[in-house]
Amino acid sequence: MCVVETMRVATVALGYLGVMSSVLADGDPEYGQYLSSECVTCHQAAVTGTIPSIHGMQADGFITMMKLYRSKQLENRTMQTVAGRLSDEDIAALAAYFSTLDPPD
Ligand code: HEC
């Protein structure tokens with residue numbers, strides 16, 4: 001392979017990585033839907049008892065709260081445990097998914 005060709009392959013590969021990382025930063029709603037099966041056992045479309053609905057929540061606020069639970073700056077044993085298992089990508093994906101749902105009335 002000549003140098004020019006090698007450069008072109010490298011550029012294409014870098015471009016691909018760039019696209020991939022921006023998808024992750026924005027959150028992949030399909031991956032979020034997959035991860036959400038655990039959450040929706042508690043978080044239903046409507047508020048149930050002491051459990052708030054997170055359907056239709058703005059992604060920014062969602063991400064902020066999840067990271068505060070993860071770092072234990074927000075009190076709630078359950079949510080601290082749940083958030084503690086999630087990566088930044090997981091949280092971004094969940095935020096992207098829940099923000100697409102209809103908020104409760
Ligand atoms: C075992 C039940 C349970 C599960 C499972 C659960 N949560 Fe929660 N979640 C709660 C409760 C209870 C609160 C309210 C905590 C409080 O009052 O501080 C809460 C609060 C939240 C909040 C803050 C909402 C607000 O408006 O204050 C977010 C965001 C959230 N959960 C996201 C998630 C996500 C995402 C998942 C799945 C990865 C999940 N939760 C799984 C019970 C649960």
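Is Ala83 buried or exposed? The views below start there, and they come from a predicted model.

**View 1. Ala83 and its surroundings in helix H4**. Ala83 belongs to helix H4, which covers residues 77-84. Ala83 is buried, because 21 other C-beta atoms lie within 10 Å and the cut-off for a buried residue is 20 or more. Leaving out residues up to four places away in sequence, Ala83 touches Met66, Tyr69 and Arg70. You can also look for Leu68 here: 15 residues separate Leu68 from Ala83 along the chain, and their C-alpha atoms are 8.8 Å apart.

**View 2. The largest nonpolar core**. This core has 14 residues, and those touching the most other members are Phe62, Leu94, Ala95, Ala96 and Phe98. Helix H3 (59-70) and helix H5 (88-98) are the elements that give two or more residues to this core. H5 supplies the largest share, eight residues. As general background, nonpolar side chains tend to be buried together in soluble globular proteins.

**View 3. Ala96 and its contacts**. Now zoom in on one of the core residues named above, Ala96. Setting aside neighbours within four places in sequence, Ala96 is in contact with Asp26, Gly27, Asp28, Pro29, Gly32 and Ala59.

**View 4. The shell around the ligand**. Here 17 residues surround the ligand, and Cys39, Cys42, Pro52, Asn76 and Val82 come nearest. Helix H2 (29-39), H3 and H4 are the elements that give two or more residues to this shell. Sorted by class, the shell holds 11 nonpolar, five polar and one charged residues.

Conventions:
Residues are numbered from 1 along each chain as its sequence is written. This is a predicted model: local features need pLDDT of at least 70, side-chain atom pairs count only at pLDDT 80 or more; totals for chains, interfaces and linings use all residues. Helices (H or I, at least four residues) and strands (E, at least two) are DSSP runs, numbered from the N terminus. A residue is buried if 20 or more other C-beta atoms lie within 10 Å of its own, exposed if 12 or fewer, and partly exposed in between; C-beta atoms are placed from the backbone. Two residues are in contact if their C-beta atoms, placed from the backbone, lie within 7 Å. A nonpolar core is a set of buried Ala, Val, Leu, Ile, Met, Phe, Trp, Tyr and Cys residues joined through C-beta atoms within 7 Å. A residue is near a molecule or strand if its C-beta atom, placed from the backbone, lies within 6 Å of it. Ala, Val, Leu, Ile, Met, Phe, Trp, Tyr, Cys and Pro count as nonpolar, Asp, Glu, Lys and Arg as charged, and the others, Gly among them, as polar.
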